[in-house]
Amino acid sequence: MNAQTIYLTCIIGGILLLLISILFSAAGDLFDFAMFDLFSLDVGEFDIDILPVSMKSMCLAATVFGSVSMLLLAQPAGIRHAIAGVSAYVGAFIVQNITGFLKNHQSEAESMESICSRSYVVNVSIPEQGYGSVASSDQERSVITMTAKSMDGSAITAGTKVNIVQIADHVAIVMKA
């Protein structure tokens, strides 16, 4: 088996595994089974994973390794593999840490009650008999933004504090606080 076949196998294998994880979202948990905090640093609010070991980051690493190696076929094997290995690690490191950051900063709203119990501010003015937008104003938690209309049909200007009375058809019905 020559080097090109090995590199092509890395590229195809990495892409196929990523496509399978996208097509079969039920397998999403399977592709994150290897995410653990064994090699991570806590820097303030961020957890930086030094060793990217999720299945998705390893698939990306294999694809990058194969691709960079194919591009550098004219170089000696040692240089080619060193550059490809560093490129694969950097790509996997970036994917692992961005994915981890996004998972740690998902919305904390678990139910309609937790959504409605927050404090909201109109961030896009609500015209008379029309629709605007409200956003939760608690900066300690994740921000929730929703389309909104006033309960009585009156206009509400941006910056006004409001309470959600109910949610109907994915629209928050609000009144001034």
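Helices here are DSSP runs of H or I that are at least four residues long, numbered from the N terminus. By that rule, I22 belongs to helix α1, which spans residues 3–23. The legends below all refer to a predicted model.

**View 1. The whole chain, for orientation.** Before zooming in, here's the layout: the chain holds 4 helices and 7 strands. Going along the sequence, they come in the order α-β-β-α-α-α-β-β-β-β-β. Of the 177 residues in the chain, 30% are buried.

**View 2. A nonpolar patch on the surface, with I22 as one of its members.** The patch covers about 950 Å². Its residues are L8, I12, I15, L16, L17, L19, I20, I22, L23 and F24. Pick out I22 in helix α1 (residues 3–23): its relative accessible area is 62%, so I22 counts as exposed.

**View 3. Y7 and F65, an aromatic pair between two helices.** The model has 2 aromatic pairs by the rule used here. One of them is Y7 with F65, and the arrangement is edge-to-face. A pair of aromatic rings is described by the distance of the centres and the angle of the planes. For Y7 and F65 those values are 6.2 Å centre to centre and 75° between the planes. The contact ties together distant parts of the chain, as Y7 sits in helix α1 and F65 in helix α2 (residues 55–71), 58 residues apart. How do the two partners fare for accessibility? Y7 is buried, with a relative accessible area of 3%, while F65 comes out at 22% and is partly exposed. The cut-off matters for F65, because buried means under 20% relative accessible area.

**View 4. Strand β4, walled in on both sides.** Strand β4 runs over residues 132–136, and 5 of its 5 residues are buried, so the rest of the structure largely encloses this strand. In a regular strand the side chains alternate between the two faces of the sheet. In β4, G132, V134 and S136 point one way, whereas S133 and A135 point the other way. Both sets are buried.

**View 5. The partners of β4.** Strands of a sheet pair through backbone hydrogen bonds, either parallel or antiparallel. Which sense does β4 use with β3 (residues 120–124)? The two pair in the antiparallel sense, over 4 bridges. Look for V121, which stands opposite A135 of β4. With strand β5 (residues 145–150), β4 again pairs in the antiparallel sense, over 4 bridges. Here G132 has A148 in β5 as its bridge partner.

**View 6. The barrel, strand by strand.** Five strands close up into a barrel in the order β3-β4-β5-β7-β6, and the pairing is mixed. On average, neighbouring strands of this sheet are turned by 55° against each other, direction ignored. The parallel part shows up between β5 and strand β7 (residues 171–176), which are joined by 3 bridges. S150 stands opposite V174 of β7.

**View 7. Two loop residues with positive phi.** Neither residue in this view is a glycine, yet phi is positive: about 60° for Q129 and near 55° for D169. Where do they sit? Q129 is in the loop between β3 and β4, and D169 is in the loop between β6 (161–168) and β7. Q129 is exposed, with a relative accessible area of 63%. D169 is exposed too, at 73%.

Note on methods
Residues numbered from 1 in each chain as written. Predicted model: local features only at pLDDT ≥ 70, side-chain atom pairs only at ≥ 80, totals over all residues. Heavy atoms only, no water. Patch = residues over 30% accessible without salt bridge, like charges linked within 9 Å, V, L, I, M, F, W, Y side chains within 5 Å. Areas by Shrake-Rupley, 256 points an atom, 1.4 Å probe, with all protein chains shown as cover. Salt bridge = Lys/Arg side-chain N within 4 Å of Asp/Glu carboxyl O. Buried < 20%, exposed > 50% of the residue type's maximum accessible area, 1.4 Å probe, protein only. Phe/Tyr/Trp six-rings, centres within 6.5 Å; stacked < 30°, edge-to-face > 60°. Pairing = 2+ DSSP bridges. Axes fitted to C-alpha atoms, helices over the stretch in contact; angles between N-to-C directions.
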